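Q: Hi! I'm new to this one and would love a quick tour. Could you show it to me before I start asking things?

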Amino acid sequence: MRAVTMEEFGGPEVLRLKDVEDPVAGPGQVLVEVKCASITFVETQMRTGNGPFGKPQLPRVPGNGVGGRVIAAGPDTDPALVGTTVVTTTGGEGGYAELALARAEDVVPVPPGLDLAEATALLADGRTALMLFRQAAVQPGEQVLVEAAGGGVGSLLVQLAADAGAHVIGAARGAHKAELVTSLGAAAYVDYSRPGWLREVTEATGGKGLDLVFDGVGGRIGTDAAAALRDGGRISLYGVASGADAELDETDLDARSVRVIGLAGPPSPTDARTLIADALALAADKKLRPVIGQTFPLSEAAAAHAAIENRRTTGKTLLLSGAGTRD
């Protein structure tokens, strides 16, 4: 099979397409013929060796999420899974390939009527967005700021919060994302690459201040957004797209009774499957729309990583393997 391999840390050019041996499903595993592979921002960080989870072992095939058809089941695995169209995590690697192994307990069937690319786009981002949304307990009428609102997770949070009746302000870098973000339900859009963006946020709340910030950027953006919270507000910290954590003044936040919501760690396998299945069900019912901004063939994985790093993407970025059907 063909797979994108990585034998050193560095820029996008370290991702190279090669012919490698087909993987074989072991006990409790299934083999998936990959049609779509998800790319996350964290994977671009891991490629450089500076990811939040440390340096992975090399050589490796990157990719932690795929969509495709189960074509084989290993020992002690339900053979009825063969032929099922699924999305699944791969255990941290192996997704940028024509074939990928996954634990049978991690696969989630794709509901009828839902496009496989959309299902794959929701695998990681849908799980994360739903978890954050439920943790934050968004209420009708609240003033909610979503950072990186044109990205994979951010675009879903905009929809979830707006559907819950919140007044959503989407924030991202560049005026070109305004139309997308408002089309998803945001009442206002703010470009945080412009001076004075916080003043625009306050104006968008009608001077009330923010009840909730979804901070997936960190750094200066996250720090400034926290300052715009009203007394009794809350901030959900879940990402550092800027490369640094938001610098929060705990004394100030305590004085204003601002609650910080942090990720308690990855969900259990059972909880993760439930979140993914819930996200897929919402999409199948047309209540949640993943934004697939761009796709790349497997051979152009390096170009896909470069586009993400250079902030030239919107929504989700997918690799399409083009693998032929195998029987």
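**Helix contacts, a pocket and two loops**

Q: Thanks! Let's start with H2 and H3: which residues meet there?
A: Happy to help, and do keep in mind that this is a predicted model. On the H2 side you'll find Leu122, Asp125, Gly126, Thr128, Ala129, Leu130, Leu132 and Phe133. They meet Gly152, Val153, Leu156, Leu157, Leu160 and Ala161 of H3.

Q: What classes of residue are in that contact of H2 with H3?
A: There are ten nonpolar residues, three polar ones and one charged.

Q: And at what angle do H2 and H3 pack?
A: The angle is about 45°, and the axes are 9 Å apart. H2 covers residues 116–136, while H3 covers residues 152–163.

Q: Why are H2 and H3 called oblique to each other?
A: Angles under 35 degrees count as roughly parallel and 65 to 115 as roughly perpendicular. About 45° fits neither range, so H2 and H3 are oblique to each other.

Q: Is that crossing left-handed or right-handed?
A: H2 and H3 make a right-handed crossing.

Q: Now H2 and H8: how do their axes cross?
A: They cross at roughly 105° and come within 8 Å. H8 is the helix of residues 269–284. Since 65 to 115 degrees counts as roughly perpendicular, H2 and H8 are therefore roughly perpendicular to each other.

Q: Which residues make that contact?
A: From H2 come Ala119, Leu122, Leu123, Gly126, Arg127, Leu130, Met131 and Arg134. From H8 come Ala272, Leu275, Ile276, Asp278, Ala279, Leu280, Leu282 and Ala283. Sorted by class, the contact of H2 with H8 has twelve nonpolar residues, one polar and three charged.

Q: Switching topic: how much space lies in the second largest pocket?
A: The second largest pocket holds about 150 Å³.

Q: What lines the second largest pocket?
A: Its lining is made of Met1, Val20, Pro23, Val61, Thr90, Glu93, Gly94, Ala97, Leu99, Ala100 and Leu101. Eight residues of that lining are nonpolar, two are polar and one is charged.

Q: Last topic, the backbone. Is the peptide bond from Leu58 to Pro59 cis or trans?
A: That bond is cis, and its omega is near -5°. Pro59 sits in the loop between helix H1 (41–48) and strand E4 (65–73).

Q: What about Asp76, what is its phi?
A: Asp76 has phi near 60°, which is a positive value in a residue other than glycine. You'll find Asp76 in the loop between E4 and strand E5 (85–89).

Technical notes. Residues numbered from 1 in each chain as written. Predicted model: local features only at pLDDT ≥ 70, side-chain atom pairs only at ≥ 80, totals over all residues. Heavy atoms only, no water. Axes fitted to C-alpha atoms, helices over the stretch in contact; angles between N-to-C directions. Helix = DSSP H or I, 4+ residues; strand = E, 2+ residues; numbered from the N terminus. Parallel < 35°, antiparallel > 145°, perpendicular 65-115°, else oblique. Left-handed = near helix turned anticlockwise from the far one by under 90°. Contact = heavy atoms within 4.5 Å. Nonpolar A, V, L, I, M, F, W, Y, C, P; charged D, E, K, R; others polar. 1 Å grid on protein atoms, 1.4 Å probe; cavity = no way out; pocket = protein on both sides within 12 Å on 5 of 7 lines; lining within 4 Å. Points joined across faces, edges and corners; volume = space filled by probe spheres on them.
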